[in-house]
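Me: I've got a model open and a pile of labels I'd like explained. Can you walk me through what stands behind them?
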Amino acid sequence: MPLADALPDEATAGYQGRQMAILGHRTKTEHLKWLRAQVDPSDTEGDPPRLHLLARCLGIAPPTFAQPHSMLGLIRLAARANDTDAYGSAGEARHCRRSGLLTQKRGAFVCHECTKSDINAHAWAYYHRVHHIVGIDWCPIHGCPLLKIVSREAFSVQPQHGLRTGASLDEAIPCASAAGNPLVQRYLAVSQLLLHPASPAPCGPLNRAIQDQLDLRTSQEGESRDTRVREALLDELPIT
């Protein structure tokens, strides 16, 4: 039985939850057993990660599913030069097993306006990756505060049902001025770009580029680069 297609920017964890709702599976264990039964063992190696199983049931290669739906580009932005296989590939299996269905936030978040738009466009509301970037507590599309769905387990409740039965504003939402802060806007733009790479960047060139851009060197007093970056960010962020 093929799965319903993943929707634009749908987070992998949210996609799994939506498929569980469609199939009537009450637990992840039940769903995992069903996924394994759908996949030809010859198409996988050993015990594949859930992301791989979801992709196989969709009839696509795991990297093709991982790039537009996982948050691995933000979670695992860079890696050693000998460990930069494509997200979702066999070479990334151990990272995919640990992080393939993770987002950057604890819990499931929705935008009320996106929920309405999704239902009109796709007949389903779903969980967007862009709503799960850490530190961004408003919808980048509509500008309204995100709502945290109240449920025993994140993504187990579909957005439209969660909004009917009760959702709460996340307590961590910062002051309204944060959304208009230039540094926060730049952070959001970069984070959105990092949702789309096909593989991690090599650490070496990335570290050198950051050092050259920021002219970071250990100070004469022995102050580390990490300390200087942290202090510079705290000076710029809208935190009181």
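Reply: Sure. Keep in mind that this is a predicted model, with a mean pLDDT of 83 for the chain and 79% of its residues at 70 or more. Among contacts in the chain between residues at least 6 apart in sequence, 65% join residues at least 24 apart.

Me: Where is confidence lowest, and where is it highest?
Reply: The low point is strand β4 (residues 167-169), with a mean of 50, and the high point is α4, at 96. The scale runs from 0 to 100.

Me: Let's do helix α3. What makes it largely enclosed?
Reply: Count its buried residues: helix α3 spans residues 50-58, and seven of those nine are buried, so the helix is largely enclosed by the rest of the structure. The buried ones are Leu51, His52, Leu53, Leu54, Ala55, Cys57 and Leu58. For a residue to get that label, its relative accessible area has to be under 20%.

Me: Which helices do the buried residues of α3 pack against?
Reply: Their partners are α1 (12-23), α2 (28-38), α4 (62-69) and α6 (93-99). Right after α3 comes glycine 59, with a positive phi near 80 degrees.

Me: Why is serine 99 called buried?
Reply: Its relative accessibility is 8%, and the cut-off for buried is under 20%, so serine 99 counts as buried. Serine 99 sits in helix α6. Setting aside neighbours within four places in sequence, serine 99 is in contact with Leu72 and Ile75.

Me: And why is isoleucine 119 called partly exposed?
Reply: Isoleucine 119 has 36% relative accessibility. Buried would need under 20% and exposed over 50%, so at 36% isoleucine 119 counts as partly exposed. You'll find isoleucine 119 in helix α7 (residues 112-122).

Me: What does isoleucine 119 touch, not counting residues up to four places away in sequence?
Reply: Trp124, Ala125 and Gln160. A contact here means heavy atoms within 4.5 Å. With glutamine 160, the separation is 41 residues in sequence, while the C-alpha atoms are 8.7 Å apart in space.

Me: What about alanine 123: how do you know that it is exposed?
Reply: Alanine 123 has a relative accessible area of 57%. The bar for exposed is over 50%, so alanine 123 is exposed. This residue belongs to the loop between α7 and β3 (147-149). Its phi is positive too, about 70 degrees, although alanine 123 is not a glycine.

Me: Which residue in the segment before α1 should I look up for its phi?
Reply: Try aspartate 9, which lies in that segment. Aspartate 9 is not a glycine either, and its phi is positive, near 65 degrees.

Me: Now the second largest pocket. How many residues line it, and which lie nearest its centre?
Reply: There are 31 lining residues, and Gln16, Lys28, Leu101, Glu153 and Ala154 lie nearest the centre. The space in this pocket is about 640 Å³. To count as lining, a residue needs an atom within 4 Å of a pocket point.

Me: Which helix gives the most to that lining?
Reply: α1, with five residues. Helices α1, α2, α3 and α6 each supply at least two.

Me: What makes up the lining by residue type?
Reply: The lining of the second largest pocket has 12 nonpolar, nine polar and 10 charged residues. Watch the bookkeeping when you tally by eye: Gly counts as polar and Tyr as nonpolar.

Definitions and conventions
Residues numbered from 1 in each chain as written. Predicted model: local features only at pLDDT ≥ 70, side-chain atom pairs only at ≥ 80, totals over all residues. Heavy atoms only, no water. Buried < 20%, exposed > 50% of the residue type's maximum accessible area, 1.4 Å probe, protein only. Helix = DSSP H or I, 4+ residues; strand = E, 2+ residues; numbered from the N terminus. pLDDT = per-residue confidence, 0-100. 1 Å grid on protein atoms, 1.4 Å probe; cavity = no way out; pocket = protein on both sides within 12 Å on 5 of 7 lines; lining within 4 Å. Points joined across faces, edges and corners; volume = space filled by probe spheres on them.
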